[in-house]
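Me: I would like to go through this model piece by piece. Please keep the replies short.

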Amino acid sequence: MFKRIFSLMLIPLLLNLSGCWNRIEPENYAWLTWVGLDSAAGGKIKVTMVLTPPLSPVPTGAAPPEKLLTISSATGDMIFDAVREINAHVPKRLFWPYLHAVIIGEDLARAGVEQHLDVLFRNIRVRKNAWVFITRGSVEPIFKVDPQIETNPGVLIESLVKSEQQFLGKSRVLRLKDFQTELASPGRDPVVSALGIWDTDKKQILPPGAEVPPKSELALDGSAVFRTDKLVGWLSPEESQFYLLAKGEMKTGLIPIPHPDNPQNLAGIEIVGNSAKFKAKLASGEPQAQIKIKIKGKLGDQWLNAPALKTEEPNEDPEFYRKLGEGLEKKIKAGVEELLAKSQTDFDADILGVGDYIMNRYPNDWDIVADNWREYYKKTVFDVEVKVDITSPNIMHSRPPVIEDPE
Amino acid sequence: MNVAKISSRQFTWLTISITLATPVLILPEMIIYYARQNAWLALLLGTLATLAGVMLNLALARKFPGQSIVQYAQILLGPWLGKLIGMLYALAFLYLTGVCLNIIAQIIEISLLPETPLWTFILGLSLFAVYSAWLGIEPIARANDLLLPPNLLIAGSILLLALPHGKLYQGLPVTQLNLTAILKGAFPPAACLSEIFFILMLAPSLNKPEELKSATLKGLLFSSFFLTFVTQAFLFVLGVYRASIYLFPALRLSEELMFLDIFERFESLILTLWILLNALKLSVFTYLYALTAAQTFNRKSYKGFLLPALLFLPVLALIPRNLAEILQVWLNTISFKLVLPAVFLFLPGLLLMIAKVKHHV
Amino acid sequence: MTKIRKPRPLVTTDQPNSVPAGRQSPQPDTVNWQAPADPEQTIAQIQSLFGNSADLQVHRFQVFPERISCALVYLRSFVDLKELNQTVLNPLLQQAAMPKDMADLARSLPHAGTKEGITIQDAAQALTSGEVVFLVSGFASALFIPLKKYEQRSVTEPENEKVVRGPRDGFIESLWTNVGILRQRIKDPRLRLEVFTLGTRTSVEVCLIHLEGIANRQIVEEVRARLQRINVDRLLAVSSIAEFIADSPWSPLPTYQASERPDRLTSALLDGRIGILLDGTPLALIVPTVFWDFLKSPDDYIENPYFSSFIRMIRLTSHLITLLVPGAYVALTTFHLEVLPQSLAVIIAGARTRTPFPTAVEMFLMELTIELLREAGLRMPGVFGQTMSIVGALVIGEAAVTAGLIEPIIVVLVALTTLASFVVPSYPAAISIRLLRFPLILFSASMGFFGLFLGAMFYLMYLVSLRSFGVPYFAPLAPLFLKDMGDMFIRLPWWQQFRRPTYYRPQDDSRAGPNQKPGPDKEP
């Protein structure tokens, strides 16, 4: 009896083969790589997408597709609404797990993004490891770029971010999941990378609103500062460097400082390691924040405009190293302090997350200041400490030897 | 009745599986929601509360070695009241199985196969639970021997891989305590861990009855330690906000994990592997339901009671219509506040008192 | 060192249904009366029993001074005639005096194993097992002289269980030769051999072998009882004995092990397991068996421990590959594509744009095709072997892919699973696993990873519930025996394996003495 009923119930389980509700063959997907979000006329949202076609591994004789970017766009009241509109003319299932970039236009960002992004956070299919970018002006031009160096849009974004992290350190790239965390916290305001277009002919970043030239590439262009979920301003690439250093997030980067031997010359310090200790507390009703930045650097290059010092000894001079470090310390301390002052006055945005720190470490104190955090943030006293450790001048002596003139 | 025997190590491992399987998925969010950074403290308090309850159960079980609660309830209270208690326990096991089954099926539906109807998972899992209950507790314990170590290993390594992405200050314990919140946060773990009351039925299956206490406590303490580790790791990595806004932070963590910059989104693999532990938990509870029912009605074999389980489990698990209903009504209200306190604290306490009184008389 | 173990009751899943009365198995009609003193009468009865079979020969002659008429009855096909003439007829003809009785006569014959029998049934039985029946007029009994001779091949290397550097001898069809090979290896008087004659018509000798003092007595008794229970007309292969005595006969994976290798049987006996040899088959049956025995090969104990451990991991992985990879591929591509890296997923999708069928169907068809190829390759006469590879490689591999019928990745995966399935040293385990993956493809096609793992879990649950003569089938992993892990996934060096596997419950579990690690003497 038991066995009969057991096997009877096994039948529908195997029969749901015929259902296969979730079975979707991979060729039925439209592979989404970028999503652009911008506001459109009438308070609507415009969603633009980059879809990539599948690649055939079998030599079929046909040439590979010329362009790996197919662009679709639609508008709707909400983002999800617009996404469904896209399905009206893309007869394939949109595949979100390979999303690489969420690009948000300036108008939408200034109006506030959190309510729009909810669909991306809520949906299981969306890749939370995608990168978030903000554009100056509309997102439209970004989708008109026809990248030449790397044609695969997914790979392009990943390599753009990677090169930014490995060589530049001039823009704060952020994943969607981290963006969500920073948006959600009342004691922190996100800073997000800004995406621009590089005009290959004019060799400059395209100003917003200009026509996209035929030869152009994507480029990262500083960072955007949010206040809660609204865009309030921009950080230049240099300011972004100071921001990253203060967060301890910079992996590498180059900062030029006046040469310690002769201020007319320049020394470029290549940063190879950066960490920052951040502490904040409420002392007698005033927030106090302490930032200890540790930097490891190498002498990257010496730009010798005026004659430099020479040495008669083969040994390196520790004093020179110390001075190099001091110069960098001075520059970074000034830069960070200026940036923080700017964040307190211009942006009124808690970019380092002082409030978040207090909220996490001193929850009861936070309850006192939570309602008026903006006011308190303006009163925050920052104590910036920078410690630079120059390890080597790479493979050459830092000062050239004195060569006796034979005459 | 010929009771299958398992060793005390297998008993410990079964305890771990049962007290970890579902809680790892749903518990951290509940604790963090209330207790925030003090989740570890809430877990500690919850564990202490459960420990007190377990001591009560163990004291009862030690008074009647080799017998299950149904059998000595009939000795203590007479056949009729004893049978009533037996039926209550059988229904409790069946109910808890149904709730767990529904939660698991909903988790699969939400995070793996959103377009497949719920009944397929419920049917598949209840068939499995009944089948393995049919085979008995020995094979279940053996399968658990095979599945628990790799699962813990994978879960542990996922957490360790994710830890570097965390921020220290998000997860550090804080000194400023909010006691009401902590007590609120201590309730779900205490309730979840009190599923350990199953030892009252499983104790006679232990081949060395004198090791019951150490085996149970080892399992309980390991589970609570692992849960603490998991919860604090979620805090480190996700932060308070994301750890408490997502229903299943464990899935978020495994979803966002990236390995060598190219492998990511293993959540389907990890989740299905973890669900196998849940399937074993369901099997144990189905087996215990049948055993309880058989002992209540003095039947030789428990297998006859599996047929009703096979018919009722899917029906029971299909009644809650959505996640809100199952979590709020079925789990938080009925399970946590009614069923589990009754079978874990109230009834064993009552029996213990009667046993003491009778002993004195 | 010997530990006295408390005997535990043997838990077995084997519960034979009692044979109902009136359904006894076939018994040949036997004549069961005393042999008369007149040889002619006896000969007539024997001849009628054998139905005047063509190879039944009767040699009548007269010996002794009294010219007593005697007869030798034998089956021509079975008896060494030269030996008969030289060692039986010659001495008889030169006999000077009439013996008192048959026993006296037997003493004068130079043949060990000569027995005296008194019934016609005994005589017929003796004839069928190759003995010569010697009748003397006036004596109411017969002498059975063993002069059996039949063709047997020499000891060769086993074809199906090869090792790289191990011994090259294998079992052959003769039971006693096999026992000799075994005795050669285990020179221990405690090697116990029990012979049963089984099969009501084939009457074949079955030899139960164990090492007294090591093998668990209860298990030996259980095997003996089950052997004695066999009631069938024929026993032609070792696996038919196995099917009668092994636990859980419906299990897809065998709960017994059959081996052609004497070294394997030897090491099994030394581990406290029990061997069964059947006359006429070159295979030894080894029980009890656990699942992991199929992953072990005699090679493991010959090569160095690192390599053996590595190879065992490979074997285990290939088991899993055979079982899970086809289903996992279906689940991955049609349910959980996001797990794959994008670069790979794009290629798979690209390949699929040209193929007409769903992935699951393609996988199923392709796996069936490879089974066809495998079976065809096995049965096809050698000269067509070339054809097979052309059909397989060119037609299916190349043409089907180029035509866009099959996606190339599936061809790769199917080849991989086929390859992996034959890495396992045990052929029966390998083919069972090959069979088990088909339902898993269906499960995966309906519910993705959840279906795959649920299906695999059903298998696992069934397999861990099995027992082979009281030994849990998945021991030492489930239930876990930590002490036995040294010869499980990894193979520790010999000087570290002090104990026999405890899950076979040997009576004496010490295998090697401690502190045998080679090394220089410690300085004082």
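Me: Where does A:Glu404 lie relative to strand 15 of chain A?
Reply: Helices (H or I, at least four residues) and strands (E, at least two) are DSSP runs, numbered from the N terminus. This is a predicted model, where local features need pLDDT of at least 70, side-chain atom pairs count only at pLDDT 80 or more, and totals for chains, interfaces and linings use all residues. Residues are numbered from 1 along each chain as its sequence is written, while chains are lettered from A and ligands numbered from 1 in the order in which they are written. A:Glu404 lies in the segment after strand 15 of chain A.

Me: Is A:Glu404 buried or exposed?
Reply: A residue is buried if 20 or more other C-beta atoms lie within 10 Å of its own, exposed if 12 or fewer, and partly exposed in between, with C-beta atoms placed from the backbone. A:Glu404 has 6 other C-beta atoms within 10 Å, so A:Glu404 is exposed.

Me: How many Å apart in space are A:Glu404 and A:Thr151?
Reply: In sequence, A:Glu404 and A:Thr151 are 253 residues apart. In space, C-alpha to C-alpha, the value is 55 Å.

Me: Which strands are the edge strands of the open sheet in the order 12-13-14-15 of chain A?
Reply: Two strands pair if DSSP finds at least two bridges between them. The pairing in this four-strand sheet is mixed. Each edge strand pairs on one side only. They are strand 12 (253–258) and strand 15 (381–392) of chain A.

Me: By how many degrees are neighbouring strands of this sheet turned against each other on average?
Reply: Axes are lines fitted to C-alpha atoms, for helices over the stretch in contact, and angles run from 0 to 180 degrees between N-to-C directions. For this average, direction is ignored. The turn is 40°.

Me: Which residue is the bridge partner of A:Lys296?
Reply: Strand 14 (residues 286–303) and strand 15 of chain A run parallel, joined by 11 bridges. The partner sits in strand 15 of chain A. It is A:Asp389.

Me: What angle does helix 9 of chain A make with strand 15 of chain A?
Reply: Residues are in contact if their C-beta atoms, placed from the backbone, lie within 7 Å. Helix 9 (residues 318–347) of chain A packs on the sheet and touches strand 12, strand 13 (266–283), strand 14 and strand 15 of chain A. Its direction makes with that of strand 15 of chain A an angle of about 150°.

Me: Which helix of chain B gives the largest share of the side that touches chain C?
Reply: In this interface, 28 residues of chain B are in contact with 23 residues of chain C. Helix 5 (118–135), helix 6 (137–162) and helix 12 (267–296) of chain B each supply at least two residues of that side. The largest share is seven residues, from helix 5 of chain B.

Me: Why does the radius of gyration of chain B agree with a compact globule?
Reply: The radius is taken over C-alpha atoms, and the globule rule is 2.2 Å times the number of residues to the power 0.38. With 361 residues, that gives a value near 21 Å. Chain B agrees because it has 20 Å.

Me: What percentage of the residues in chain B is buried?
Reply: Chain B has 14 helices and two strands. Its C-alpha trace spans about 65 × 45 × 35 Å along the principal axes. Of its 361 residues, the buried part is 59%.

Me: Why do strand 1 and strand 3 of chain C each have one side without a neighbour?
Reply: The open sheet of five strands in chain C has the order 1-2-4-5-3, with antiparallel pairing. Strand 1 (56–63) and strand 3 (115–117) of chain C stand at the edges, so each has a single partner strand.

Me: Which residue is the bridge partner of C:Arg60?
Reply: Eight bridges join strand 1 and strand 2 of chain C, which run antiparallel. In the hairpin of these strands, with four residues between them, C:Phe64 takes a positive phi near 65°. The partner of C:Arg60, in strand 2 of chain C, is C:Ala71.

Me: Which residue of strand 5 of chain C stands opposite C:Gly117?
Reply: Strand 3 and strand 5 (residues 142–146) of chain C run antiparallel, with three bridges between them. Opposite C:Gly117 stands C:Ala142.

Methods: Two residues are in contact if their C-beta atoms, placed from the backbone, lie within 7 Å.
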